[in-house]
Amino acid sequence: TWIHAGGDRYRWRDGQWEDAGELAVIPNGVSWVRDFSVNRYWCILANQVGFFEQGKFHTAWGSQGKEDGRPEALARRRGGGIWCVLRQPNDELNLRSFAADGTPALSMPIPWKGGVLLTDLIVDQRGCFWISSSTHGALRLKPDATWEVFNAGSGFATDHVRGLFEDIEGNLWIPTDGNGIFRLTRRAFRTYGTADGLTTDTVYAVAPSKAGGVWIGTHGSRS
């Protein structure tokens, strides 16, 4: 467990807190991903993507200049390694993946143009990569390496998606700003909003419950 507090960084190990020492180089708010295939922690450090191993940071991708862009978010890749979203100098986004040993595995453009505010990345149980934005809706990278678009222009309710969450049954929950929350099953969408008991249609977050359902965090309350 890592804690960032007041500019200092600590970790809980062997039943006690200790100063992170030389590892105290992680800025507040970075993306962390644990690769369970090799029990390795990946993160974004300044303009680098890499992992911690034996107390040291190993760079898998490092920006050498403005032409390289900058990493913005990470997600665990099925089978080991990670996905990474890079923002290019022209404000376009690029999706890259790295194998468990840090070797680059894939690079492809994300079909969103300019002004994208990312909110989440996940890989679902079927291995599909999802990305969401509070300005451009959501995208799914299908197994045939084509993108499926979910936004107002494609028939989805809104462009303002606050995150992504997959429950234990493989249903995808998509919270939105002003349009409630959507649940995508293998067959269809279902919308939940104030008519279903939510106090508002602005949904900020989703989390699993012990009973197998979900908690839904809205503006000023939870359900």
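In this predicted model, the side chains of His-136 and Thr-135 are joined by a polar contact of 2.7 Å. His-136 also has a partner on the backbone: a polar atom of its side chain sits 3.3 Å from the backbone oxygen of Gly-114. The residue belongs to the loop that runs between strand E13 (129-133) and strand E14 (137-141). Loop or not, His-136 comes out as buried, because its relative accessible area of 18% falls under the 20% cut-off. Setting aside neighbours within four places in sequence, the residues in contact with His-136 are Trp-112, Lys-113, Gly-114, Gly-115, Val-116, Phe-150, Asn-151 and Asp-159. Gly-114 thus turns up both in this contact list and as the owner of that backbone oxygen.

The aromatic residues come next. Searching the whole structure turns up eleven aromatic pairs. One of the pairs is made by Phe-129 and Trp-147, with 6.4 Å between the ring centres and 75° between the planes, which puts it in the edge-to-face class. Phe-129 belongs to strand E13 and Trp-147 to strand E15, so this pair ties together parts of the chain that are 18 residues apart in sequence. Both Phe-129 and Trp-147 are buried. There is also an aromatic cluster, made up of Trp-130, Phe-150, Phe-156, Phe-182 and Phe-189. Phe-150, a member of that cluster, is also among the residues in contact with His-136.

As for sheet structure, E16, E17, E18 and E19 line up in that order as an open sheet of four strands, with antiparallel pairing. Its edges are strand E16 (165-166) and strand E19 (189-192), each of which pairs on one side only. Within the sheet, strand E17 (residues 172-175) and strand E18 (residues 181-184) run antiparallel to each other and share four bridges. Here Trp-173 faces Arg-183 of E18.

Another tryptophan, Trp-42, is part of strand E5 (residues 40-45). With a relative accessibility of 0%, Trp-42 is counted as buried. Its C-alpha atom is 8.3 Å from that of Leu-74, although the two residues are 32 apart along the chain. Cys-43 is likewise buried, again with a relative accessible area of 0%. Cys-128 is buried too, at 6% relative accessibility. No disulfides show up in the model: the count is zero.

Backbone angles hold a couple of curiosities. Most residues other than glycine have a negative phi. Asp-91 goes the other way, with a positive phi near 75°. It lies in the loop linking strand E9 (82-87) and strand E10 (93-98), and its relative accessible area of 27% makes it partly exposed. Ala-145 is another non-glycine residue with a positive phi, in this case about 65°. Ala-145 is located in the loop between E14 and strand E15 (147-150). This alanine, too, is partly exposed, because its relative accessible area is 47% and the exposed class begins over 50%.

Technical notes: Residues numbered from 1 in each chain as written. Predicted model: local features only at pLDDT ≥ 70, side-chain atom pairs only at ≥ 80, totals over all residues. Heavy atoms only, no water. Helix = DSSP H or I, 4+ residues; strand = E, 2+ residues; numbered from the N terminus. Buried < 20%, exposed > 50% of the residue type's maximum accessible area, 1.4 Å probe, protein only. Polar contact = N/O pair within 3.5 Å; in protein donor to acceptor, adjacent residues only side chain to side chain. Contact = heavy atoms within 4.5 Å. Pairing = 2+ DSSP bridges. Disulfide = S-S within 2.5 Å. Phe/Tyr/Trp six-rings, centres within 6.5 Å; stacked < 30°, edge-to-face > 60°.
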